[in-house]
Amino acid sequence: MSTAAAQELIELSQKLLDCIGQRDWQTYQLLCDPTLSCFEPEALGHLVEGLDFHQFYFASKTPPSRAQNTLAAPRVRMLGDNAAVVTYTRLIQIEGADGARTLAFDETRVWERQQGEWRHVHFHRSANGG
């Protein structure tokens, strides 16, 4: 595995989380394939395909809390030259009216190189109770 490719994918994963936290829809669309699929807690156990489901949260009128996303123990597994799986625990530090707290989610992100650029094509996110 190329160390440079692994580092690039970790940086792209961090950029993805940052744009989610900032509700930056334009950057999210640039990083994600239009056919993105996922399993995540908000989907209540259903497979979600496409970006429409996610756009709802980006367009929310509720002001975002101050938050910081950290990728804990990231791992990259290259699947040839044009696909990779990035796994990590996502720690979200949130500061709101009730004080600071930390949430944890186990995430798997699948990236595919399309026309020379990495695009996010699938993810699975689970709440981490520990």
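A polar contact is a pair of N or O atoms within 3.5 Å; within protein, one atom must be able to donate a hydrogen and the other to accept it. In this predicted model, such a contact joins the side chains of glutamate 40 and histidine 54, at 3.4 Å. Glutamate 40 lies in the loop between strands E1 and E2. Strand E2 spans residues 48-49. The relative accessible area of glutamate 40 is 10%. Buried means under 20%, so glutamate 40 is buried. Beyond residues up to four places away in sequence, glutamate 40 touches Gly45, Phe53, His54, Phe123 and Arg125.

Cysteine 38 lies in strand E1. Its relative accessibility is 0%, so cysteine 38 counts as buried. With neighbours within four places in sequence left aside, cysteine 38 is in contact with His46, Leu47, Val48, His54, His122 and Phe123. His54 is thus among the contacts of cysteine 38, and His54 is also touched by glutamate 40. Phe123 appears in the list for cysteine 38 and in the list for glutamate 40. A longer separation was also computed for cysteine 38. Its C-alpha atom is separated by 29 Å from that of alanine 100, and the two residues are 62 residues apart along the chain.

A second polar contact involves histidine 120. This residue is found in strand E6. Its side chain is joined to that of arginine 109 by a polar contact of 3.5 Å. Histidine 120 counts as buried, because its relative accessibility is 0%. Its contacts, apart from neighbours within four places in sequence, are Leu16, Leu31, Cys32, Asp33, Leu36, Arg109, Val110 and Trp111.

Two of these contacts, Leu16 and Trp111, also belong to the largest nonpolar core. This core has 26 residues. Those with the most contacts inside the core are Leu9, Leu16, Tyr28, Val76, Met78, Trp111 and Trp118. Helices H1 and H2 each supply at least two residues of this core, as do strands E1, E3, E4 and E6. Helix H2 covers residues 25-31, and strand E1 covers residues 32-39. The largest share comes from H1, with 7 residues. In soluble globular proteins, nonpolar side chains tend to be buried together.

Empty space was examined next. Rolling a probe the size of a water molecule over the atoms shows where such space is left. The largest pocket has a volume of about 740 Å³. Its lining is made of 25 residues. Nearest its centre lie Ile20, Gly21, Glu42, Tyr57 and Arg90. By class, the lining has 12 nonpolar, 6 polar and 7 charged residues. Helices H1 (3-21) and H3 (52-58) each supply at least two lining residues. So do strands E3 (66-78), E4 (83-96), E5 (99-114) and E6 (117-127). The largest share of the lining, 4 residues, comes from E5.

Helix H1 also holds aspartate 18. Aspartate 18 counts as partly exposed, because its relative accessibility is 31%. Aspartate 18 is 51 residues from asparagine 69 in sequence, but the two are 6.9 Å apart in space, C-alpha to C-alpha. Glutamine 22 lies in the loop between H1 and H2. Its relative accessible area is 59%, so glutamine 22 is exposed. Glutamine 22 and serine 65 are 43 residues apart in sequence and 9.8 Å apart in space, C-alpha to C-alpha. Glycine 80 lies in the loop between E3 and E4. With a relative accessible area of 49%, glycine 80 is partly exposed. Its C-alpha atom is 14 Å from that of threonine 3, and 77 residues separate the two in sequence.

Backbone angles were considered last. Most residues other than glycine have a negative phi. Alanine 73 is not a glycine, yet its phi is positive, at about 50 degrees. Alanine 73 has its place in strand E3. Its relative accessible area is 56%, so alanine 73 is exposed. Glutamine 115 is not a glycine either, and its phi is also positive, at about 50 degrees. Glutamine 115 is found in the loop between E5 and E6. At 84% relative accessibility, glutamine 115 counts as exposed.

Technical notes
Residues are numbered from 1 along each chain as its sequence is written. This is a predicted model: local features need pLDDT of at least 70, side-chain atom pairs count only at pLDDT 80 or more; totals for chains, interfaces and linings use all residues. Side-chain values use heavy atoms; hydrogens and water are left out. On a 1 Å grid over the protein atoms alone, a cavity is a set of points where a 1.4 Å probe fits but cannot get out, and a pocket is an open set with protein on both sides within 12 Å along at least five of seven lines; lining residues have an atom within 4 Å of a point. Grid points are joined across faces, edges and corners, and a volume is the space filled by probe spheres set on the points. Ala, Val, Leu, Ile, Met, Phe, Trp, Tyr, Cys and Pro count as nonpolar, Asp, Glu, Lys and Arg as charged, and the others, Gly among them, as polar. A nonpolar core is a set of buried Ala, Val, Leu, Ile, Met, Phe, Trp, Tyr and Cys residues joined through side-chain atoms within 4.5 Å. Buried means under 20% relative accessible area, exposed over 50%, partly exposed in between (1.4 Å probe, protein chains only). Contact means heavy atoms within 4.5 Å.
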